[in-house]
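Colleague: I should be grateful for a close look at one part of this protein, namely its second largest pocket and what surrounds it. Please describe the open space and its lining, and then work outwards to the rest of the chain.

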Amino acid sequence: GILGRATTAQYDLEIAGMLVKLYDSRFVDYGTLAPAAADQLVHLFGISSDGSASKQIDASNELLKCYLTKSVNTNPTLEFAFTLARRDLVLSKSENLSLAGLMGVQCFINEYVFSQQDDENKQVKNLKTDLENRLSENDISAAFQRDLVLFAMYAPLSDLQGMPKFSDDKDLLSCPELAPLMELTLTNFIKEQTIRNEIKSFSTIEDDTSVKVRGQYEVNPFPRWVYTSAQADVPPGIMLNRRFPHFSPPPFLTGNARILIAGAGTGQHVAHVALRNPQARILAFDLSKSSLAYAIRMSQKLEISNVEFYHGDILEAGLLDGPFDIVESVGVLHHMKDPIKGWRALTGLLRKDGVFRCGLYSERGRQGVFAARDTIQREGIGDRAEDIAAFRQQIFFDPPEGDFARIKERADFYTTSNVRDLLFHVHEDNYTPKRIHDEIKELGLTFIGFEEYEELGINNDYRTMFPEDTSMINLLNWEEFEKSQKEPMEGYVFWCQKRVD
């Protein structure tokens, strides 16, 4: 955490070495390393604010390798440099496949979010046509392999007609720069197509808003993740008591708890829960089969065996076989037309004294997002990948003012699906502590506490303002507290409990 935020005035070999070691650890969230790694790479290659580099970007550098293949770049200066490097590689049909291969992995991870110029688009279009012609002729020569790596900087190999039949070709897989791209952008795609056809459904998707939301995530499964950190095996009851000392967990919150995850997405949240609770029995579901296929494939890769995945709508969750000891729904309910209806359906599946982990957007904390959306609507900007890329460039080179200007500081701004989820979502609702208070009261839930507020120092500020609320569970106090904050949190992740008298 601390090292990941470290910045220096010049390249520091010791810090770079420590970052490489951390990138090799299974117990680190690589995303937390990205800011410091980017800072070191900017210094190492002498990169200016316009992306120009005083030194050639060296693909043999271990920190660069780790950064491009394990982190999403969230540094604008590096993005400009990588965009320029990619353009030079493809226009010159460079033989520097080491750098092109690394760039291909990064661009797959960020979903090809970098901007493209007309001459690049023309070159990539020609490459695609030429590659497909050679595939039809079974020509997979060295020149073909080079062009395949260059093309992979701009699109997944699964986009090439005729490419799937070469997914296990030994010659292609023996190319060190091509092999990782074959797995990431072709083999995994084929696996997900097979998995998708085998996903079980417990309901149809008929609600108009649910249909729209599903459509977005079928096109842009969210988020696209490649790695996850190892998780400590801590029973939920112990974890909750450590986080909220005032809370006395019921005895059934042990390692073999039954857990429902509503809104599985691409499975990153599911993986964290499953790895933390290897003895638990977990059922996870989602609207999007594309997202679920990704989630199932990643779970198989991580050898997670205690999760059962389903396709279905939260509004029909009552069809599932409850009750559950724990229900988790983070970043989901606020995308429903009437969130409390979904919340009620999930609460109905929660056993007496069971706990609910919920994540909702903050009305006060998302003013910058609202400002961006106003601009998007006013200017009639579409939500296609090319529209998103153009809009990002507009923000980079013609910076807006106020809260909107801080959008580019967010990690979500650096991948296509994340930008679409952040700024172009088909439906979003927002909450305040007062609204949370009213709805959990209506649902028969009691508030336990907000996650991460202790670590972020927010609880200390709250204690100063409301010293009498030692458990920090008065949501009406939190409403007044939030009003006093200059920069409220963008969202809430919190726990509550179902109490039945």
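**The second largest pocket and its surroundings**

Modeller: The second largest pocket holds about 970 Å³ of space. Its lining is made up of 36 residues, and those closest to the centre are Tyr112, Pro156, Val219, Asn220 and Arg224. Please bear in mind that this is a predicted model.

Four helices give two or more residues to this lining: α9 (179–196), α13 (289–301), α16 (385–397) and α17 (416–423). The largest share comes from α9, with 7 residues. By character, the lining of the second largest pocket divides into 16 nonpolar, 10 polar and 10 charged residues.

Of these helices, α17 deserves a closer description. Thr416, Ser417, Asn418, Val419, Arg420, Asp421, Leu422 and Leu423 are buried in α17. Because 8 of its 8 residues are buried, α17 is largely enclosed by the rest of the structure. The partners against which the buried residues of α17 pack are α10 (208–219), β5 (350–361), α15 (367–379) and α16. Thus α16 gives residues to the lining of the second largest pocket and also packs against the buried residues of α17.

Helix α16 also contains alanine 390. With a relative accessible area of 47%, alanine 390 is partly exposed, because that value lies between the limits of 20% for buried and 50% for exposed. Alanine 390 and phenylalanine 114 are 276 residues apart along the chain, yet their C-alpha atoms are separated by 9.3 Å.

Some backbone details may also be of interest. Glutamate 111 is found in the loop between α5 (97–109) and α6 (118–136). Its phi is positive, about 60°, although glutamate 111 is not a glycine. Glutamate 111 is buried, with a relative accessible area of 9%. A positive phi, near 60°, also occurs at asparagine 138, which is likewise a residue other than glycine. Asparagine 138 lies in the loop between α6 and α7 (142–151). Phenylalanine 222 and proline 223 are joined by a cis peptide bond, with omega of about -10°. Proline 223 belongs to the loop between α10 and α11. A cis peptide bond also runs from glycine 322 to proline 323, where omega is near 0°. Proline 323 is placed in the loop between β3 (307–311) and β4.

Strand β4 leads to the enclosed space of the model. The whole structure has 1 cavity of 30 Å³ or more, and the largest cavity contains about 80 Å³ of space. The lining of the largest cavity consists of Val234, Pro236, Met239, Ile259, Val273, Arg276, Asn277, Ile326, Glu328 and Trp495. At least two of the lining residues come from each of α11 (236–243), α12 (268–276) and β4 (324–330). This lining comprises 7 nonpolar, 1 polar and 2 charged residues.

Beyond β4, histidine 334 is found in the loop between β4 and α14. Histidine 334 is buried, with a relative accessible area of 1%. Apart from neighbours within four places in sequence, its contacts are Pro339, Gly359, Leu360, Tyr361, His427, Glu428 and Asp429.

The aromatic residues complete the picture. A search of the whole structure finds 24 aromatic pairs. One of them joins tyrosine 23 and tyrosine 30 in a tilted arrangement, 5.5 Å centre to centre with 35° between the planes. Both tyrosine 23 and tyrosine 30 are buried. Another tilted pair is formed by tryptophan 343 and phenylalanine 494, 6.2 Å centre to centre with 55° between the planes. This pair links distant parts of the chain, 151 residues apart: tryptophan 343 lies in helix α14 (residues 339–347) and phenylalanine 494 in strand β7 (residues 491–498). Tryptophan 343 is buried, with a relative accessible area of 0%, and phenylalanine 494 is buried with a relative accessible area of 0%. One aromatic cluster includes Trp343, Tyr431 and Phe494 among its members.

Charged side chains also meet aromatic rings. The charged end of arginine 435 sits over the ring of tyrosine 431, 3.8 Å from the ring centre. In another case, the charged end of lysine 70 sits over the ring of tyrosine 227, at 5.8 Å from its centre.

Conventions
Residues numbered from 1 in each chain as written. Predicted model: local features only at pLDDT ≥ 70, side-chain atom pairs only at ≥ 80, totals over all residues. Heavy atoms only, no water. 1 Å grid on protein atoms, 1.4 Å probe; cavity = no way out; pocket = protein on both sides within 12 Å on 5 of 7 lines; lining within 4 Å. Points joined across faces, edges and corners; volume = space filled by probe spheres on them. Nonpolar A, V, L, I, M, F, W, Y, C, P; charged D, E, K, R; others polar. Buried < 20%, exposed > 50% of the residue type's maximum accessible area, 1.4 Å probe, protein only. Phe/Tyr/Trp six-rings, centres within 6.5 Å; stacked < 30°, edge-to-face > 60°. Lys NZ or Arg CZ within 6 Å of the ring centre and 35° of its normal. Contact = heavy atoms within 4.5 Å.
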